[in-house]
Amino acid sequence: AITTITVGGEFDLGLFVRDLRPAGMWTNEAGVSRPLVRGVFAAYCDVAFQSALVGIAGAPQYSPNYSNGLRGAISPGKLEDLGAFANSFSGLGSSPLEVWRVRAKALKAGTVNFTVSLDVPHPVCDTLVYGNIGATPPEDSHVATGEIKLTNATVTVTTPATQPTTTTTIAPSPITYKRRTK
């Protein structure tokens with residue numbers, strides 16, 4: 001992740017997701033134990049930022065793991081309802097995974113706050129995790145907004161000392177999901 005970039009520099013802003021539920025086992029009706037399936041199945045969000053300081057320089061690029069239900073709009077200062085759902089029904093695990101990224105360009109010196117929100121249309125943009133419906137009790141795959149931890153990002157755009165430079169790096173804006181245990 002970057003924290004500073006010069007005017008004229010470009011960087012990627014990405015959405016990363018991670019299922020923080022604990023691993024474990026469940027037993028089906030036949031008495032066979034199986035591992036709990038883990039992973040984020042669908043993730044959509046909004047990202048707001050200061051358009052006078054940063055502009056979006058291209059269309060979203062989606063991860064191969066999240067290639068279905070592609071959605072979103074880009075306007076000055078906002079990425080809206082941007083997200084997708086997974087192309088696998090067998091779980092993606094609990095490691096952080098990229099859902100999408102967009103190329104951004106630093107336009108003017110200042111501090112840019114990338115603020116992530118879940119102000120997305122429901123149910124089409126609901127956040128979902130892989131659930132184990134055969135477990136007792138069955139796991140619900142829907143994730144309530146209060147169960148989602150959002151992490152915002154801040155980047156300082158500086159004036160170049162001599163000539164503008166282009167720096168390419170990833171500035172993730174991760175969203176992690178943790179289901180509360182009852």
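# Notebook: strands, core and cysteines

I began with strand pairing: strand 11 and strand 14 are antiparallel partners, joined over five bridges. The model I am reading is a predicted one. Within this pairing, I found F114 bridged to A153 of strand 14, and N113 opposite T154 in strand 14.

I then followed strand 14 to its other partner. Strand 1 (residues 4-6) runs parallel to strand 14, and three bridges join the two. There I noted I5, whose bridge partner in strand 14 is V157.

I next followed strand 11 to strand 5. These two run antiparallel and are joined by three bridges. I recorded D46 as the residue opposite S117 in strand 11.

**Entry: faces of strand 14**

Which side chains of strand 14 are buried? I looked along the strand and found that the side chains alternate. A153, V155 and V157 point to one face and are buried. T154, T156 and T158 point to the other face and are not buried.

**Entry: overall counts**

I looked up the secondary structure and found 16 strands and zero helices. The protein has 182 residues, of which 41% are buried. I also checked how contacts span the sequence. Of those between residues at least 6 apart, 78% join residues at least 24 apart. The exposed surface comes to about 9200 Å², with 55% of it supplied by carbon and sulfur atoms.

**Entry: the largest nonpolar core**

In soluble globular proteins, nonpolar side chains tend to be buried together. I therefore looked up the largest nonpolar core here, which has 41 residues. The members that touch the most other members are V47, V54, Y66, L79, V99, W100 and F114. Strand 2 (10-19), strand 5, strand 9 (78-85), strand 10 (97-106), strand 11 and strand 14 (153-158) each give this core at least two residues. Strand 5 supplies the largest share, seven residues.

I took V54 as one member to examine. Beyond its neighbours within four places in sequence, V54 contacts F11, F49, A104, K105, A106, L107, V112, F114 and V157.

**Entry: aromatic pairs**

How many aromatic pairs does the whole structure hold? My search of the structure gave five. In one of them, the ring centres of F49 and F114 are 5.7 Å apart and the planes meet at 40 degrees, so I entered the pair as tilted. F49 is in the loop between strand 5 and strand 6 (54-56), whereas F114 is in strand 11 (residues 110-117), so the pair ties together parts 65 residues apart in sequence. Both F49 and F114 are buried. I also noted a cluster in which ring pairs link F41, F85, F89 and Y130.

**Entry: cysteines**

A disulfide is a covalent bond between the sulfur atoms of two cysteines. I searched for such bonds and found zero disulfides in the structure. C45 is in none, and the nearest cysteine sulfur, that of C125, is 9.9 Å away. Why is C125 not bonded to C45? The sulfur of C125 is too far from that of C45 for a bond, since the two are 9.9 Å apart and the cut-off for a disulfide is 2.5 Å. I found C45 buried, at a relative accessible area of 1%. C125 is also buried, at 1% relative accessibility.

**Entry: G39**

I located G39 in the loop between strand 4 (33-35) and strand 5 (40-48). Is G39 buried or exposed? Its relative accessible area is 0%, so I entered G39 as buried. Setting aside residues up to four places away in sequence, G39 touches D19, R21, L92, G93, V129 and Y130. I also looked up the separation of G39 and S94: they are 55 residues apart in sequence, while their C-alpha atoms are 5.3 Å apart in space.

**Entry: backbone geometry**

Most residues other than glycine have a negative phi, and most peptide bonds are trans. I therefore looked for exceptions to each tendency. The peptide bond joining H122 and P123 is cis, with omega about 5 degrees. P123 is in the loop between strand 11 and strand 12 (128-129). D81, which is not glycine, has a positive phi near 55 degrees. I placed D81 in strand 9. D81 counts as buried because its relative accessibility is 12%, under the 20% cut-off.

Key. Residues numbered from 1 in each chain as written. Predicted model: local features only at pLDDT ≥ 70, side-chain atom pairs only at ≥ 80, totals over all residues. Heavy atoms only, no water. Helix = DSSP H or I, 4+ residues; strand = E, 2+ residues; numbered from the N terminus. Buried < 20%, exposed > 50% of the residue type's maximum accessible area, 1.4 Å probe, protein only. Contact = heavy atoms within 4.5 Å. Phe/Tyr/Trp six-rings, centres within 6.5 Å; stacked < 30°, edge-to-face > 60°. Areas by Shrake-Rupley, 256 points an atom, 1.4 Å probe, with all protein chains shown as cover. Core = buried A, V, L, I, M, F, W, Y, C linked by side-chain atoms within 4.5 Å. Pairing = 2+ DSSP bridges.
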